Amino acid sequence: GVYTQKFTNTEYGNIIDVVNATRKVQGDRIRFIVSPTDRTDNPKDVLEAKVPAPPKDEGKIARPNPLTLVVELTADGRIKLNNEGHDSLESVAAKLKEVFKFREDSGIWREGTNEVEATVFIKAPRSIKYGEVIKALDALKGSGANPVGLQIDDLPQYKIQ
């Protein structure tokens, strides 16, 4: 089935709850419909994000990937790329383009492929508006990020003041 969320003012945490409940059976991707109408036949009106598999408790300590890129949206409106502050999504997108160009020139490929490692994760507090996450997802796609993943575990619970 298709779940359509028409209200961009919905808290992101509500969307995450739906994703969390379905990610075990729905595969590893979710499509966000961002059309201002009910029509979804235009590919530009659909943004796809990678959803991580549920965490497995195997007693192993996962080592972080040094190439991981995380865009964090904070409750107070700040934007960070790997903890480095940025003034806007446009600034983050420009920085990501630089990173991807450097990786291409340096031959930094996604494991087992000839594609530039351009995976980016979005992290946002559960209380942020869904529309803000969609804006970030759109900006990251425009930067060349692929895939864009949603961090959906261990998200901050605090409310926007």
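**Turns, helices and core of a predicted model**

Me: Is Asn 83 buried or exposed?
Reply: In this predicted model, the relative accessibility of Asn 83 is 66%. The threshold for this class is over 50%, so Asn 83 counts as exposed.

Me: Which loop holds Asn 83, and what is its phi?
Reply: Asn 83 lies in the loop between strand 4 and strand 5. Although Asn 83 is not a glycine, its phi is positive, at about 70°.

Me: How is Asn 82 classed by accessibility?
Reply: Asn 82 sits in the loop between strand 4 (79-81) and strand 5 (84-86), and, without being a glycine, has a positive phi of about 50°. Its relative accessibility is 39%. That value falls between the limits of 20% and 50%, so Asn 82 counts as partly exposed.

Me: What distance separates the C-alpha atoms of Asn 83 and Val 70?
Reply: Along the chain, Asn 83 and Val 70 are 13 residues apart. In space, the separation of their C-alpha atoms is 8.2 Å.

Me: How many helices and strands does the chain have?
Reply: The order of elements along the sequence is α-β-β-β-β-β-α-β-α-β. The secondary structure therefore comes to three helices and seven strands.

Me: What span does helix 2 reach from its first C-alpha to its last?
Reply: Helix 2 comprises residues 89-106, which is 18 residues. At 1.5 Å a residue, 26 Å would be expected. The span in the model is close to that, at 25 Å.

Me: What arc do the buried residues of helix 2 cover around the axis?
Reply: The buried residues of helix 2 are Leu 89, Val 92, Ala 93, Leu 96, Val 99, Phe 100 and Arg 103. They are on the same side of helix 2, because the arc that they cover around the axis is only 120°.

Me: Which residues are exposed on the other side of helix 2?
Reply: The buried residues of helix 2 are covered by elements including strand 3 (69-73), strand 4, strand 5, strand 6 and helix 3. On the other side of helix 2, the exposed residues are Glu 90, Glu 98, Phe 102 and Asp 105.

Me: Which residue just after helix 2 takes a positive phi?
Reply: The phi concerned is about 70°. The residue that takes this value just after helix 2 is Gly 107.

Me: Which residue follows helix 3 with a positive phi?
Reply: Helix 3 has 14 residues and reaches 20 Å, close to the 20 Å expected at 1.5 Å a residue. Among its buried residues are Tyr 130, Val 133, Ala 136 and Leu 140. After helix 3, a phi near 105° is found at Gly 144.

Me: Which peptide bond is cis, with omega near 0°?
Reply: The proline of this bond is found in the loop between helix 3 (130-143) and strand 7 (148-150). The cis bond runs from Asn 146 to Pro 147.

Me: With which side chain does the side chain of Arg 126 make a polar contact?
Reply: Arg 126 is in the loop between strand 6 (120-123) and helix 3. Its relative accessible area is 18%, and residues under 20% are classed as buried, so Arg 126 is buried. At 2.4 Å, the partner in the polar contact is the side chain of Asp 17.

Me: Which helix gives the most to the largest nonpolar core?
Reply: The largest nonpolar core has 31 residues, and Leu 73 and Leu 140 have the most contacts inside it. Elements that supply at least two residues each include helix 1 (12-22), strand 3, helix 2 and strand 7. With seven residues, the element that gives the most to this core is helix 3.

Me: Which residues of 132-136 are in contact with Leu 73?
Reply: Neighbours within four places in sequence are left aside here. The contacts of Leu 73 include Arg 78, Ile 79, Leu 89 and Ile 128. Within 132-136, they are Glu 132, Val 133 and Ala 136.

Me: What percentage of the residues of the chain count as buried?
Reply: The chain exposes about 10,300 Å², of which carbon and sulfur atoms supply 50%. Of its 161 residues, the part that counts as buried is 38%.

Definitions and conventions: Residues numbered from 1 in each chain as written. Predicted model: local features only at pLDDT ≥ 70, side-chain atom pairs only at ≥ 80, totals over all residues. Heavy atoms only, no water. Helix = DSSP H or I, 4+ residues; strand = E, 2+ residues; numbered from the N terminus. Buried < 20%, exposed > 50% of the residue type's maximum accessible area, 1.4 Å probe, protein only. Expected span 1.5 Å × (residues − 1). Polar contact = N/O pair within 3.5 Å; in protein donor to acceptor, adjacent residues only side chain to side chain. Arc of directions from axis to C-beta. Contact = heavy atoms within 4.5 Å. Core = buried A, V, L, I, M, F, W, Y, C linked by side-chain atoms within 4.5 Å. Areas by Shrake-Rupley, 256 points an atom, 1.4 Å probe, with all protein chains shown as cover.
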